[in-house]
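Here is a walk through a structure for someone who has not met it before. Take a look at the model, and then we'll go through it piece by piece.

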Amino acid sequence: MSPAATATALTTPTAPTTTGALPGHVENLTGAQTDMLKAMWSRLFELFKQKGTEYKPEPKTEKAPSVKKTGWFGKKAATEEKSTDVFLGTTTDPSWMSLPLEKALPLIPGTQLRATFWNMVATDNPDAVVLRFLRARKWDIDAAYNMITNTLRWRLHMRVDDIVALGENGIRDELNKLQPDLGDCFITQLNSGKAYLGGPDKADRGICFINVNLHRKEDQPSEVIKLLTIYVMETSRMIVHQPVEAACIVFNMDGFTLKNMDFDFVKFLVTCFEAYYPETLGSCLIHKAPWVFSTVWSLITPLLDPVVASKIHFTKDVDELTQYVDIPALPGNISGEKDKKTKDEATKVDPVSPGTLDKPSTPAYQEYLSMIETYEAETNQWTKIKSAEKDASCSARRELARELRLARVNAERDIRGPSSYEAKGLATINEKGRLILDFGGDWTPLDITESV
């Protein structure tokens, strides 16, 4: 049976329960933590009301070609321009990112901050998203608020919502318009085999396998690798389902040489996890790192937040790796099983259609917007109630989050550009509107539509 047929055949929801949630997570909050969550929501609602300053981008002039990067670990030549990006950062006021947060934030229209906030939530439980920032800043409300607002301005600057809306071939077309062959380079890198999605690990998290020996810094401009990173991270968020909030990354270092080292990419990835996607890295496994990597690692270590560093584990062979990931979930180039591939590797599909930046107008999308307004109104009322140690509104809010998730799943194809990952059946919205997760192999397809 094909992946699509298998997904369609599923009729009974099998969503995991949030029973036994970890402390500080949805449905396992103290009264004090609940009040902090309410305070965060109240501040966000006030932020979304601000007027800000409308920004209209000026027509872009053609930039000079970038100077080829030189130096060990891809350090930039002193004469190179700071940025040659043609897509990223081109639709927002540069001061939104260059100014300190306290000066930049009042300039940004609240409507834009609100829109990118809800796109960040996507199909997730909204409370779970806000709680990640609170946990990441150890329940310091001011620090958590600064972190989430800094993330929102970064998402606007990096055009994350546009990346999601365009999908892989929409990104290709937009980049090719801006610079010949740049979009084709993006697709080449997407299909290069350097990154595959699969899983699960032993905590039921999705996995991104990165074959480091296939990466060369000079093979693509830095903008392409940033776009690719954001695209994969945002696409993989489609499989987020409570209580599985985080993902696993496996860096396959087999065959690594210094030619494969891209220090700028490492810094970008570390910053993403620490500053813009908090609490979403479950574990990072560095597999079969050669001795030469020890020099590189000594340069990376100072960049790492202690919390992120604690999630990094080195494995020297398959026996050690299987402490974190079972053999059936490992691709053949790691497990040593000839011709074995992940579902992502093994499934071949035709190129998907490009997405669009046109605003959706479908009934499903309008229903989703209406559900956001309902959720905000109910949450605004909830914030005004002082919490008891056991908050009685817990089940009611979970039901509200479930209805919002259903509305978002129903509108997902209007919001998210087509991806080869969905075409391959890794995460599929079937004809009944159910969101099905299927890692392939021994994994039983799972209906995660109502996993909030």
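Before we start, one bit of vocabulary: Ala, Val, Leu, Ile, Met, Phe, Trp, Tyr, Cys and Pro count as nonpolar, Asp, Glu, Lys and Arg as charged, and the others, Gly among them, as polar. Also keep in mind that what you're looking at is a predicted model.

Let's begin with the empty spaces. Rolling a probe the size of a water molecule over the atoms shows where empty space is left. Searching the whole structure this way turns up three cavities of 30 Å³ or more. Take the second largest cavity, with its volume of about 100 Å³. Its lining is made by Met120, Val129, Arg132, Phe133, Arg155, Arg237, Tyr276, Tyr277, Pro278 and Thr280. Sorted by class, that lining comes to six nonpolar, one polar and three charged residues. Helix H6 (residues 126-136) supplies the largest share, three residues.

Now for a space that is open rather than closed off. The second largest pocket has a volume of about 990 Å³. It is lined by 37 residues, and those closest to its centre are Ala115, Asn119, Asp161, Asp162 and Tyr365. Which elements give two or more residues to this lining? They are helix H5 (110-121), helix H7 (141-157), helix H8 (160-178), helix H17 (363-382) and helix H18 (394-415). H5 provides the largest share, with seven residues. As for the mix of classes, the pocket lining has 15 nonpolar, nine polar and 13 charged residues.

While you're around H5, follow the chain into the loop between H5 and H6, where you'll find Ala122. Its phi is near 50°, a positive value in a residue other than glycine.

Next, a pair of helices. Two packed helices are described by the angle between their axes and the distance between the axes. For helix H10 (residues 222-236) and helix H11 (residues 263-276), the angle is about 35° and the axes are 11 Å apart. The crossing of H10 past H11 is right-handed. Who touches whom here? On the H10 side you have Ile225, Lys226, Thr229, Ile230 and Met233, and they meet Phe265, Phe268, Leu269, Cys272 and Phe273 of H11. Eight of the residues in this contact are nonpolar, with one polar and one charged.

On to the sheets. Strands of a sheet pair through backbone hydrogen bonds, either parallel or antiparallel. One open sheet has five strands in the order S1-S2-S3-S4-S5, and its pairing is mixed. Why is one side of strand S1 (195-198) and of strand S5 (312-315) left without a neighbour in the sheet? Both stand at the edges, and each has a single partner strand, so there is no neighbour on the other side. On average, neighbouring strands in this sheet are turned by 20° against each other, ignoring direction. Look inside the sheet and you'll see strand S2 (residues 207-211) running parallel to strand S3 (residues 247-252), with five bridges joining them. One bridge to trace by eye runs from Phe209 to its partner in S3, Val250.

Two loops beside these strands hold cis peptide bonds. Gly199 and Pro200 are joined by one, with omega about 0°, and Pro200 sits in the loop between S1 and S2. Another joins Gln242 and Pro243, with omega about 5°. Pro243 belongs to the loop between H10 and S3, which brings us back to one of the helices from the packed pair.

Finally, there's an open sheet of three strands, ordered S6-S7-S8, and here the pairing is antiparallel. Strand S6 (427-429) and strand S8 (446-447) take the edges with a single partner strand each, so each has one side without a neighbour in the sheet. S6 pairs with strand S7 (residues 435-437) over three bridges, in the antiparallel sense. If you'd like one pair to look for, Ala427 has Leu437 in S7 as its bridge partner.

Methods
Residues are numbered from 1 along each chain as its sequence is written. This is a predicted model: local features need pLDDT of at least 70, side-chain atom pairs count only at pLDDT 80 or more; totals for chains, interfaces and linings use all residues. Side-chain values use heavy atoms; hydrogens and water are left out. On a 1 Å grid over the protein atoms alone, a cavity is a set of points where a 1.4 Å probe fits but cannot get out, and a pocket is an open set with protein on both sides within 12 Å along at least five of seven lines; lining residues have an atom within 4 Å of a point. Grid points are joined across faces, edges and corners, and a volume is the space filled by probe spheres set on the points. Helices (H or I, at least four residues) and strands (E, at least two) are DSSP runs, numbered from the N terminus. Axes are lines fitted to C-alpha atoms, for helices over the stretch in contact, and angles run from 0 to 180 degrees between N-to-C directions. A crossing is left-handed if the near helix is turned anticlockwise from the far one by less than a right angle, and right-handed if clockwise. Contact means heavy atoms within 4.5 Å. Two strands pair if DSSP finds at least two bridges between them.
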